[in-house]
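Welcome! Have the sequence and the model ready, and let us work through a few exercises together.

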Amino acid sequence: MDTAAHLKIKSLSPLLLVSDLERSVQFYNSLGFETAFVYEGFYAGSAKDGYSIHLKSGTPVTAEREIRQKNEDLDIVLSVEQIELPV
């Protein structure tokens, strides 16, 4: 019996490195997420509809960031309906 085939994912929380934690939390709040927790001003979690995103304050390594931008790598993709972002 293949045990892995019978496992069900109950939750998945991507961890994103952000340069401005407060601004990032506000951004996800504008998408309808609610701040679930903030830990010592450098780590936070936001949740919506049973999904969560964790945010960690830090500075990405410049070389890594340049490679990601050059290759058009994405950190996360969200599909949403009827969204209006503030201008």
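Buried means under 20% relative accessible area, exposed means over 50%, and partly exposed lies in between, using a 1.4 Å probe and protein chains only. This is a predicted model, in which local features need pLDDT of at least 70, side-chain atom pairs count only at pLDDT 80 or more, and totals for chains, interfaces and linings use all residues. Residues are numbered from 1 along each chain as its sequence is written, and side-chain values use heavy atoms, with hydrogens and water left out.

**Exercise 1.** Decide whether His 54 is buried or exposed, and find the side chain that shares a polar contact with His 54.

*Solution.* Start by locating His 54 in strand β4; strands (E, at least two residues) and helices (H or I, at least four) are DSSP runs, numbered from the N terminus. His 54 has a relative accessible area of 19%, so it is buried. Next, look for a polar contact: a pair of N or O atoms within 3.5 Å, where within protein one must be able to donate a hydrogen and the other to accept it, and residues adjacent in sequence count only if both atoms are side-chain atoms. The side chain of Tyr 43 is the partner, at 2.8 Å.

**Exercise 2.** Work out how β3 pairs with β4 and what lies in the turn between them.

*Solution.* Two strands pair if DSSP finds at least two bridges between them. β3 and β4 are antiparallel, with six bridges. One of the bridge partners is easy to find: Tyr 43 is matched with Lys 56 in β4. Two residues separate the strands of this hairpin, and Asp 49 in the turn has a positive phi of about 55 degrees.

**Exercise 3.** Find which residues of α2 are buried and how they are arranged around the helix axis.

*Solution.* First list the buried residues of α2: Leu 21, Ser 24, Val 25 and Tyr 28. Seen down the axis, these fall within an arc of 100 degrees, so they line one face of the helix; the arc is that of the directions from the helix axis to the C-beta atoms. Then turn to the other side of α2, where Glu 22 and Arg 23 are exposed. Finally, check the helix ends. Asp 20 caps the N-terminal end, with a side-chain oxygen 3.3 Å from the backbone nitrogen of Glu 22, while Gly 32, with a positive phi near 100 degrees, follows α2.
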